[in-house]
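Visitor: I would like a close look at one part of this model. Please start with a single helix and work outward from there.

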Amino acid sequence: MRNNDLLIVIDMQNVYKEGEAWGCCNTKAASEAIRRLLDADVCGAAVFTRFDAPRDPRGSWKAYNEGNAEINADKWANEMMEEFEPFLRAYPVFGKSTYSSFEIPELCAMAEKADHVVLTGVVAECCVLATALSAIDKGYPVIYLWDAVSGLSPETEKEARNIVSYLSPLQTEVMTVEEYLKSQK
């Protein structure tokens with residue numbers, strides 16, 4: 001049985017795999033947790049986001065583009081991880097050029113209709129945290145599935161989770177994928 005939650009899978013691109021240029025510490029485990037959630041098919045809707053370098057950067061994004069030109073030009077690095085291929089055909093993939101996924105108008109429209117936004121993906125300290133804070137600002141209740149999120153290091157990944165947890169229970173819930181799935185029965 002499906003609920004009315006919106007699952008957001010944030011930026012699961014090759015460049016964030018462990019050992020890659022922007023590799024995160026738990027990407028493989030987070031990927032497996034996200035797959036388990038997608039396979040369970042409990043969320044009423046799901047979307048993927050993809051970070052794309054800003055085309056017309058302003059301010060600090062200019063330096064970002066200059067410093068990361070090689071990565072930004074690497075087609076494979078910017079592609080979604082192959083383990084999500086079956087789901088990429090079933091769900092929309094939205095590009096974004098900021099940390100927060102809520103720059104995407106279509107995503108905002110979907111979140112308006114959802115009971116919760118369920119956050120997964122990378123990078124815990126950047127795109128996932130920015131998306132969580134933007135969701136809170138917009139009034140969307142957030143479920144942060146910490147074992148389906150990967151960060152730069154175990155310590156900073158935990159710090160991002162702690163920041164989200166400080167807004168519980170009024171605006172956020174922090175749990176594992178297993179806890180979320182059990183809560184849907």
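Which elements do the buried residues of α2 pack against?

Guide: The buried residues of α2 pack against β2 and α3 (69-73). The model is predicted, so local features need pLDDT of at least 70 and side-chain atom pairs count only at pLDDT 80 or more, while totals for chains, interfaces and linings use all residues. Residues are numbered from 1 along each chain as its sequence is written, and side-chain values use heavy atoms, leaving out hydrogens and water.

In α2 the buried residues (under 20% relative accessible area, exposed being over 50% and partly exposed in between, with a 1.4 Å probe and protein chains only) are W61, Y64 and N65. They sit on the same side of α2 because they cover an arc of only 95 degrees around the axis, taken from the directions from the helix axis to the C-beta atoms. S60, E66 and G67, on the other side of α2, are exposed. Helices (H or I, at least four residues) and strands (E, at least two) are DSSP runs, numbered from the N terminus.

Both α2 (60-67) and β2 (45-51) supply at least two residues to the largest nonpolar core, that is, buried Ala, Val, Leu, Ile, Met, Phe, Trp, Tyr and Cys joined through side-chain atoms within 4.5 Å. This core holds 36 residues; Y16, L37, L38, F48, F84, L145 and Y180 touch the most other members. The most residues, four, come from α1.

F48 is in contact (heavy atoms within 4.5 Å) with V9, L38, M80, F84, F87, L88, Y91, P92, V93 and F94, leaving aside neighbours within four places in sequence. Apart from the largest core lies another, of 26 residues, including V128, V149, A160 and V164.

Strand β2 also belongs to an open sheet of six strands, paired in parallel in the order β3-β2-β1-β4-β5-β6. The edge strands, β3 (93-96) and β6 (172-175), each pair on one side only; pairing requires at least two DSSP bridges. β5 and β6 are joined in the parallel sense over four bridges, and L145 stands opposite M175 in β6.

The loop between β3 and α6 (105-113) contains S101. S101 counts as buried because its relative accessibility is 0%. Not counting residues up to four places away in sequence, S101 touches I8, I10, T49, K96, L107 and T131. S101 and A132 are 31 residues apart in sequence, yet their C-alpha atoms are 8.9 Å apart in space.
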